[in-house]
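Trainee: I should like to work through this model by questions before drawing any conclusion. May we begin with how its chains meet?

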Amino acid sequence: MTAVVEVSDLSKRFGQFTAIDRASFAIEENTIHGLLGRNGAGKTTLMQLMTGQDFASGGSIRLFGENPVENSRALSGVCFIKESQKYPEDFKAKHVLRSAPWFFPEWDAAYAERLVADFRLPLDRRIKKLSRGQLSAIGVIVGLASRAPLTFFDEPYLGLDAVARQIFYDRLLEDYASHPRTIVLSTHLIDEVSALLERVIVVDEGRIVIDSSAEDLRGSASIVAGPRATVDAFVDGRDVLHREQLGGLSSVTVARLSEAERSAAARAGLELAPVSLQQLIVRTTTSTSDKEWSQAS
Amino acid sequence: MNRRSRHTVDESRPIFVQIAEGIENDILSGVLAEETQVPSTNEFAAYYRINPATAGKGVNLLVDEGVLYKKRGIGMFVAEGSRATLAAKRREKFDSEFVRPLIAEAAKLGISRTELAELIRKEETS
């Protein structure tokens with residue numbers, strides 16, 4: 001696999017606040033990545049650093065093998081769809097689409113037109129008069145029709161309804177299949193997008209806590225439930241991700257179980273339940289104080 | 001094991017395994033006959049709304065097992081004899097995955113083996 005972005009030991013501080021803390025990871029070519037994490041975890045800061053819109057406090061970033069800061073050659077291969085994109089006063093959606101080819105060499109105007117119809121975007125209305133969902137639709141259309149070798153979608157669907165989000169996912173998959181390229185999707189709607197992802201990078205408090213293939217994560221944890229004493233005996237010495245108690249019953253999330261361990265649990269009368277990607281990420285990014293709190297209670 | 005529907009995938013197990021099982025089910029039920037072409041990776045991806053690489057991994061799992069084979073430049077096909085092979089593989093697991101849980105659940109509810117057998121017979125005739 002070729003990496004289109006390589007980040008090593010990257011840090012970003014704003015005064016006393018460490019937004020990114022010695023992050024190292026790679027964005028692989030022609031792969032759909034999920035950049036996941038809670039609000040304020042550092043997702044947007046990471047994307048701004050990768051696209052040269054901010055200076056790192058330490059560490060290095062290679063975008064297409066080069067330093068991204070003020071590097072128009074490397075950045076010409078990038079499309080960054082921001083959550084809060086600002087447009088010039090009096091701009092209409094049609095102006096955005098008309099100016100897009102100046103920034104994106106691979107721009108497909110006919111495809112953009114089809115997407116405008118899909119999302120029912122009014123082209124001739126001033127952008128500041130558009131709804132939040134219509135504003136997001138502009139971003140989604142530009143992100144898809146730009147066909148940039150590396151496209152970042154930062155929470156692209158604020159205000160988009162369920163139908164429009166589904167259109168976005170379907171068009172993204174279709175277009176990715178016919179025009180393979182690198183996509184980074186930053187979101188907290190993990191359940192909705194997880195099946196689209198090939199790699200998952202999870203940020204928490206500025207640190208990379210998961211960097212894995214999505215398929216390796218699925219089924220990598222199980223919930224073991226049953227009488228407290230039996231559960232405690234079974235999970236003794238294991239890596240416990242989460243623990244819940246209700247009276248004499250206990251429900252514990254543990255890392256991957258082998259086939260033999262699963263049948264041992266079944267023989268002991270314990271119930272096993274799978275853990276979804278979203279649940280796993282919630283478990284991983286719940287702050288330490290929360291964990292201590294739930295264990296103490 | 002979860003084999004409830006071939007039309008959806010869930011997030012609790014690797015999706016490529018579910019894709020492979022879905023194709024196996026279609027071969028077993030005769031929806032996909034031997035020597036016919038299976039949908040392409042991109043068709044699977046669009047249908048299930050999953051990443052094409054994940055769909056490809058599911059298809060390749062069955063290629064490695066000899067259930068599917070590749071015709072260069074055309075696509076993937078169901079191998080001759082794969083239906084019988086799959087049935088034999090599934091039969092081995094039938095006891096542990098279906099019969100034993102059935103007996104265990106029946107015991108919990110106080111249904112005797114004789115009553116259980118009677119229930120199965122009734123299903124047959126209905």
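**Reading the model**

Trainee: How many residues does each chain bring to the contact?

Mentor: Two residues are in contact if their C-beta atoms, placed from the backbone, lie within 7 Å. The side belonging to chain A holds 19 residues, and that of chain B holds 17 residues.

Trainee: Which element of chain A gives the most to the side that touches chain B?

Mentor: Helices (H or I, at least four residues) and strands (E, at least two) are DSSP runs numbered from the N terminus. On the side of chain A that touches chain B, the leading contributor supplies 5 residues. That element spans residues 162-178 and is helix H6 of chain A.

Trainee: What kind of model is this, and how are its parts labelled?

Mentor: Residues are numbered from 1 along each chain as its sequence is written, while chains are lettered from A and ligands numbered from 1 in the order written. Local features need pLDDT of at least 70, side-chain atom pairs pLDDT 80 or more, and totals for chains, interfaces and linings use all residues, since this is a predicted model.

Trainee: How far apart are the domain centres in chain A?

Mentor: The bounds, from an automatic or database assignment, give domain 1 (3-213) and domain 2 (221-275) in chain A. In chain B, domain 1 (15-82) and domain 2 (93-125) are assigned, and their C-alpha centres are separated by 33 Å. For the two domains of chain A, the C-alpha centres lie apart by 39 Å.

Trainee: What share of chain A is buried?

Mentor: A residue is buried with 20 or more other C-beta atoms within 10 Å of its own, exposed with 12 or fewer, and partly exposed in between, C-beta atoms being placed from the backbone. Chain A has 12 helices and 13 strands, and its C-alpha atoms fill a box of roughly 65 × 40 × 35 Å along the principal axes. Of its 297 residues, the buried share is 39%.

Trainee: Why is helix H1 of chain A described as largely enclosed, and how many of its residues are buried?

Mentor: The buried residues of H1(A) include Lys43(A), Leu46(A) and Met50(A). After the helix comes Gly52(A), with a positive phi near 65°. Helix H1 (residues 43-50) of chain A is largely enclosed by the rest of the structure because its buried residues number 7 of the 8.

Trainee: Which residue of strand E7 of chain A is the bridge partner of Leu35(A)?

Mentor: Strands pair if DSSP finds at least two bridges between them. Strand E7 (residues 182-187) of chain A has 5 of its 6 residues buried, and 5 bridges join it in the parallel sense to strand E3 (residues 32-36) of chain A. Strand E6 (residues 150-154) of chain A also runs parallel to E7(A), with 5 bridges, and there Asp154(A) stands opposite Ser186(A). The E7(A) partner of Leu35(A) is likewise Ser186(A).

Trainee: In which order do the strands of the open antiparallel sheet of chain A lie?

Mentor: Its edge strands, each pairing on one side only, are strand E2 (17-28) and strand E4 (58-63) of chain A. Strand E1 (residues 3-14) of chain A is joined to E4(A) by 5 bridges in the antiparallel sense, with Val7(A) opposite Ile61(A). The order of the 3 strands is E2-E1-E4.

Trainee: Where in chain A is Ile223(A) placed?

Mentor: Ile223(A) is partly exposed, because 18 other C-beta atoms lie within 10 Å. Its C-alpha atom is 5.4 Å from that of Val252(A), 29 residues away along the chain, and its contacts beyond four places in sequence include Ser251(A) and Ala273(A). The place of Ile223(A) is in strand E10 (residues 221-227) of chain A.
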